[in-house]
Every structure is written in structure tokens, then in C-alpha cells.
Amino acid sequence: MLRSLLLRIVHAVLSLVLLSLLVFLLSRAMPGDIWTELQMDPSISPATIKELRDSYGLNRPEPIQYLLWLEQVLHGNLGYSAVEKQAVAPLLWQRLSRTVALATTTMVITFVATLILCFPVFQRRWQQRWLDSKLIPMLLAFPVVLTCLFVNWVHIVIFPPVYGQEFGSMGYMLERLFWPSLALSIPLTAFLSKQMRNETRQILRMQYFMIARSKGLPIPGLLRNGLKPAIPVFLNLTGFLFTSLMGGTVVAETVFDIPGIGLLTWHAMLNRDTLLLVAGVLAGCSLVILGNLAVDLLTIWADPRLRKPIQ
Amino acid sequence: MRAALLFLALLCCLAGCAPFVSPYAPHEQDRQNVLRPPLFHSPHNGPLQWFGLGPDGRRHLYRARSGKFFLLGTDIFGRDLFTRICYGARISLAVGLLGTFLTLLAGTFVGLLAAIAGGWMDSVCMEMTNFVLSLPTLFLLLALRALFPWEVTTVAIYLILVSILALTGWADVARMVRAKVLLMKSEEYVQAALAIGVSPARLIWRHLVPGLIPYWLVQGTLLIPAFLMSEVTLSFLGAGIPEPDASWGNILRQGLSLTVLTASPWILLPGIFIIGTAVSFNALADCLRRLTDTETA
């Protein structure tokens, strides 16, 4: 048990190190730095610019630069955004909470919707056929861009915006988050319920479940026995969802104007704000890696077979 | 299945014969007719003229006898949406097709390398693959897009888009190709070929590639709509195909403005084409999978 736990954690740390390397290389490959603009000024000599670069260690070999950069990042220093005119780390931290809130509400909506869609027992045959061959494939093909725009349109038509609401109140936050989460959860629900419906259908056909059913076990008991073996599969799929969810938040934050990391990264890209862009990518990707780690650990808890070391 | 093929064929016709199908040029602006609803016909006099000669001296599928007719309405610059969807289909489909080709190429290369070389090479390749798979693609796409200069021609942007899509998409293909090749390696015909000492090139070309073809077909058909959606997302965010050239993503971009979205929701009509294309390709992939009996994730 301890070994497989440690293995998962080591794997996640390795991923984070690879991510930092990738992000560092990306930031080095991006054209220009803060001193590029100084070259335009004829009153600043190239020697001064070189001196400035050297004073920040940019003349050292690349691996050393990487280690220096990593040390700063681990100390929470992500640099200073020239466009936003403030330090990157606090800005990122402040935006992080909104993205996490958005992702959480999306996950909740996705789970509830999937749970409802996952009970073929309670559906007539034609409903099942319609769901499996029409609705779910259709929803799977919805790009997030479109669901966001469409939900935004519906939202505005039904509830015309009221100005002057108190920002920051709990109800307001929930209302702000509900619509983008709904838009984001449509393709996610389609993906998750497609897989989970197959899974539940298999469980329904299993002998132990049929016996329990024929002996007249009441519904709560049936649910408990039926859901348990589906949990590891469910967790595994949730891990897959995180990556597309994070990508979706960029679009949803843009369309619904929620100041989270996605919007921040997008603006940074449009403004060529390298440090902020790099920090945003680092934050977004680390969130997914950490989410996957959490899912992995939960899977070990849910699936006793994984507790034994892998041969 | 039949409907899917029909839709795709129709779409290819629309994209291929765009100058014939629509009576307008894609950049043609009509500031008098901004944000007109679908089927807008003004001044309305009589039915449409089919295969009529337009003022540009070419024959078009349909045109208004006099005045203007907009099949799917116009955008904020008074450009005909249907025309832009037809021309946009060219770029969006081309991104999907070339991106898929490059991704299959790159993924197959890595997968073959991992499966045939084995040992530490295999571990390194698979570690990289799992790492890329665990990253949110859109963030990576944004960062990669920032590597390239901003103001470049549409062709250059197109090539940039395709290559960054391949850079983020190869991992899935690599994983599946490796699994498939490992399976094939344990089979008798490959073992026999190895025993008589064929060269690696011949082994790959003669014995492994034929086994991968059905997988390429299925996975390729699945990747086309995925890349189409990536193109839509990137162009929508303003990092893809630039205006005034049309792509399905940057037509939708006008819907970012709330006033445009509420006053003229038909700006979302390209969405129907996107969904239709994606559903058709997915159905096609399903059918190919059943025909070739291939397992994909």
C-alpha cells in the first residue's frame, strides 16, 4: 500500500519537474526579453544592456539558469509583469481561486448529471436507445466554444443582466459560476456518461447483482452494491476529465468574463507578457497534475487490488 | 452512417465549390446590411435566380434578381455568413486533415521507436508520452503560439497551427501504436521474420505497417474533428487564423460581444456545421472500427 502510494507521488513529482523544464525552455524560446526594448533607445549603449543581462545571470550556462529560475519559482517568485504592473505570483494566486471554484462547480454538475444519466434500469428501452445513439454522441461533438456561447446567449435572454449587484457575495458568486459551469459540463458529461453507462450496464448483468435484485434487495442496498465496483473506473475517467476541463476554463472564462487563470494566460499571450504567460501555463498544468495525483491516490483507496505492489 | 457520409460529401462540395455556391466574395463587406437575419431578402422581388450570372461575371448557384439575399444572414461587417462558412470550411477542414497526418506520422515514429528499441528508450518515450497526455492541451497551445511571430500571413499561421497541434497530439497515437506493435511483436509472423534476420526497415515496412493501417484509419478519423475543434478554439481566442480570412473559429469570435450575441444569435450558425462535421466523423470512425475490428481508446 505504502509503496504504491509513494510510486504515485514520485511520478507526480517527476511530472512537475518535467513541466518546469518544459516551461523554462518555452520561456527561453520566446522572442525578446525585458531588455529587448531598451535596444530601441539610442541613449543606452549595448554595453549597459549586456551588463544588465549579466547582472541577472543571463550569461551563465543554461542548466545553471534553469536551476536559478527553479529556485526562485520554488520561493514563490515568478517575476514581475510589465503589462499588469505588478508581481506575477500574488496576481496568479488571486486568480487561482476563481478557476478552482469554476472547476469545482463544473465537476459537481458533471457528476450529478452523469449519475442521473447512468441508470439504464430506470429508463425505458427507447429512452436508452435515444440516449446512446443520438443525444450522447451529439453532445460529445459539441466544442466548448459553442456550448459557452450558446449558454451565454440563453442566460442573457432569460435573465437580462442587472447592473450594480454586490460583487463578492456568495449568491452572486454562485450565480456567476453556475452558467459557465453548465456550459463546461455539457461535453464532459457526455464523455463521462458514455463510459459510465457501459460500465453500469455491465454491472447490471453481473451475477451477484442479479441475485441481489431477484432476492428483492431494496434500492439503497442495490445502489450501494452496484456503485461500489464502478468507483475505480469512475475515478480513472475523472482523471482524464481534468485535462479537458482546464482547457475549457480558458474558453469559459473568456466568454463569461471570469477573471481566472485562463483569462489571465490568454491576456498574457495576447499582450506578449512572457513571464505572466509562463506562470499561467505552469499554474494551469500543475493544477491538472495535482488533480491527477489526487485521483490516483483515491483510486488506491477505492480499489483494493491496487494496494498490493505491482509485480 | 449514410447520413454522415452524405453530410461530409456535401460539406466537401460546399468548401470545394465555394466561389460557385455563394454569390458573394468572402471579404465583401456591405455596410448597409450589417447583422441581417438569415434568409434576408431585400428588396424582395420575385423568387431567387438559380445558376444566374452574377455581377462578377461568374455563374452562382443562387442569387437575388436584384438587391441582396443572405442565406444565413450577415456579420458585424455585413459579410455574408454562408459565404464565410463555405470558405472557412476550407481552412478548418484543411487544418484537421494536415494536422491529423502530421500527428499520425509523429506518433507512429515515437511508438515504433519505443516498441522496437525497448529498454531505456521505451521507458523514456513512454514517460514523455504520459507527461504530454497529462497536460491540458489548450494551455500548451497558447504557450506554443506565443513562440511564433504575431503578424504573419494566413498560410504561415496555418502551418504554425498544424505543427503545434501535432506537437500536442502525438502522445495518444504513440501510446496506441506502441501497444499495437508490442502485440504484433509477440505474434508468429513477426517472430519468424526476426528469426530469419530481416532488417529493421523491412520488418517495419513489410510486417508492422500493414497491421497499423486499420488503426491509422480509425484514429485518423477520430483526430480530424478533434483538431477541427482545436482550430475553432484557437481562432476563437484570436490566436489562430486571423481576420479577414474566414475560419469557423473566427466567425464565432464575433459572438464574444454580448450586444452582437443577443441582437443576432445567428452568428452561432457555424456551430451547426462544426457539430455536424464532428458527429459525422465520429460516426464514420465508429463504423470503421466495427469494420476493421480495431480497439482504440
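Q: What share of the 311 residues in chain A is buried?
A: In this predicted model, buried residues account for 42% of the 311 residues in chain A.

Q: And how does the radius of gyration of chain A stand against that of a compact globule?
A: Chain A has a radius of gyration of 24 Å, whereas a compact globule of 311 residues would have one near 19 Å. The C-alpha trace of chain A spans about 90 × 60 × 35 Å along its principal axes.

Q: How many helices and strands are in chain A?
A: Chain A contains twelve helices and two strands. Read from the N terminus, the order is α-α-α-β-β-α-α-α-α-α-α-α-α-α.

Q: What about contacts between residues that are at least 6 apart in sequence: what percentage of them in chain A join residues at least 24 apart?
A: The figure is 76% of those contacts.

Q: Let us pick one residue. Where is A:Ser181, and is it buried or exposed?
A: A:Ser181 belongs to helix 7 of chain A, which covers residues 170-205. A:Ser181 is buried, because its relative accessible area is 0%, and the cut-off for buried is under 20%.

Q: Which residues does A:Ser181 touch, leaving out those up to four places away in sequence?
A: They are A:Leu102, A:Thr105, A:Thr106 and A:Ile109. With A:Thr105 there is also a polar contact between the side chains, at 2.8 Å.

Q: Changing topic to the two chains: how many residues of each are in contact?
A: On the chain A side there are 45 residues, in contact with 40 residues of chain B. The area buried between chain A and chain B is about 3700 Å², and carbon and sulfur atoms give 82% of that area.

Q: Which elements of chain A give two or more residues to the side that touches chain B?
A: They are helix 1 (2-29), helix 5 (125-140), helix 6 (144-158), helix 10 (231-256), helix 11 (261-271) and helix 12 (274-302) of chain A. The residues on this side of chain A divide into 33 nonpolar, eleven polar and one charged.

Q: How many salt bridges and polar contacts are there between chain A and chain B?
A: The count of salt bridges between chain A and chain B is zero. Three residue pairs are in polar contact there, with both residues at pLDDT 80 or more.

Q: How many salt bridges are there over all chains, then?
A: The structure holds 13 over all chains. One of the pairs is A:Arg8 with A:Asp296, at 3.8 Å from N to O. This pair links distant parts of the chain, as A:Arg8 is in helix 1 of chain A and A:Asp296 in helix 12, 288 residues apart.

Q: Over in chain B, which residue pairs with B:Glu243?
A: B:Glu243 forms a salt bridge with B:Arg84, and their closest N and O atoms are 3.3 Å apart. B:Glu243 lies in the loop between helix 8 (200-236) and helix 9 (248-252) of chain B, while B:Arg84 lies in helix 3 (residues 81-117), so the pair ties together parts 159 residues apart in sequence.

Q: Are those two residues buried or partly exposed?
A: B:Arg84 is buried, at 1% relative accessibility, whereas B:Glu243 is partly exposed, at 36%. Both also appear in a network of salt bridges with B:Asp75 and B:Arg79.

Q: What separates B:Arg175 and B:Asp172 along their helix?
A: About one helical turn separates B:Arg175 and B:Asp172, because they are three residues apart in helix 6 (residues 154-185) of chain B. Their side chains meet in a salt bridge of 3.1 Å, N to O.

Technical notes:
Residues numbered from 1 in each chain as written. Chains lettered and ligands numbered in written order. Predicted model: local features only at pLDDT ≥ 70, side-chain atom pairs only at ≥ 80, totals over all residues. Heavy atoms only, no water. Contact = heavy atoms within 4.5 Å. Buried area = accessible area lost by both parts, 1.4 Å probe. Salt bridge = Lys/Arg side-chain N within 4 Å of Asp/Glu carboxyl O. Polar contact = N/O pair within 3.5 Å; in protein donor to acceptor, adjacent residues only side chain to side chain. Helix = DSSP H or I, 4+ residues; strand = E, 2+ residues; numbered from the N terminus. Nonpolar A, V, L, I, M, F, W, Y, C, P; charged D, E, K, R; others polar. Rg over C-alpha atoms; globule rule 2.2 N^0.38 Å. Buried < 20%, exposed > 50% of the residue type's maximum accessible area, 1.4 Å probe, protein only.
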